[in-house]
Amino acid sequence: MSDNVCTIDTKQVDNLFRKLDPSKRNEAMMNALKSGAAVLAQKTRSNLKKGLGKGADTPRPERNKNYEWKNKPMTQGVTLNARDTYNTTVQVSIMGDPRLKWFEKGVDERFRGARKTSSKYKLMKDSGKLKSTGSIKRINFFEQAKQDDNQITQAIERTLIKEINELIQ
């Protein structure tokens, strides 16, 4: 057996974690979770850029001057929140920017001028009295990023191993 190989049993790691100070243990776990969440957020942003093209990074002027996301790139809507309270919680969210949910889920073609439940809806649609407000193609950028969890778990494992090695020495 080579000198470069070290075998560690999970029981040894569990015993090591129990012996550590709870604050240092929580800090190590939190750092590992943050690194995994950072990978997920970066993957989500890159998927959004692929789906939208250059429109993801360019600011879009909105008509409403009080709109919070006016002149901000769409990629800023992917947020990473880390809360070190009672539970260590790390959250990656696309709900910070209301525009992103439209691209994640997609929107069917919508019309302005009449309610869809109206009996005259089809007639008005065919006669051209309804104005189309368009549709949005479903991109699924966040779902695709969550599906590729192999890179996320690898980042968590790497950071946890690094943190444990620092605590041991």
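**Figure 1. N81 and the residues it touches.** In this predicted model, N81 has contacts with T89, V90 and Q91, once residues up to four places away in sequence are set aside. N81 itself sits in strand β1, which runs over residues 79–84. Another residue to look for here is V92: its C-alpha lies 6.4 Å from that of N81, with the two positions 11 residues apart in sequence numbering. Is N81 buried, exposed or partly exposed? It's partly exposed, because its relative accessibility comes to 31%, and that falls between the 20% and 50% cut-offs.

**Figure 2. S35 inside helix α2.** Moving on to S35, we're in helix α2, residues 22–52. S35 counts as buried because its relative accessibility is 19%, just what the under 20% cut-off asks for. Where does the side chain of S35 reach? It goes to the backbone oxygen of A32, at 2.7 Å.

**Figure 3. S35 and its partners further along the chain.** Same residue, other company: skip the neighbours within four places in sequence, and S35 is in contact with A155, I156 and T159. So this view pairs a residue of helix α2 with that trio.

**Figure 4. Helices α4 and α5, the two ends of the confidence range.** Confidence bottoms out in helix α4 (residues 121–127), with a mean pLDDT of 60, and peaks in helix α5 (residues 141–147), at 88. For the protein chain, the mean pLDDT is 76, and 72% of its residues get to 70 or more. A word of caution: where pLDDT is low, the predicted coordinates shouldn't be read in detail.

Key:
Residues numbered from 1 in each chain as written. Predicted model: local features only at pLDDT ≥ 70, side-chain atom pairs only at ≥ 80, totals over all residues. Heavy atoms only, no water. pLDDT = per-residue confidence, 0-100. Helix = DSSP H or I, 4+ residues; strand = E, 2+ residues; numbered from the N terminus. Buried < 20%, exposed > 50% of the residue type's maximum accessible area, 1.4 Å probe, protein only. Contact = heavy atoms within 4.5 Å. Polar contact = N/O pair within 3.5 Å; in protein donor to acceptor, adjacent residues only side chain to side chain.
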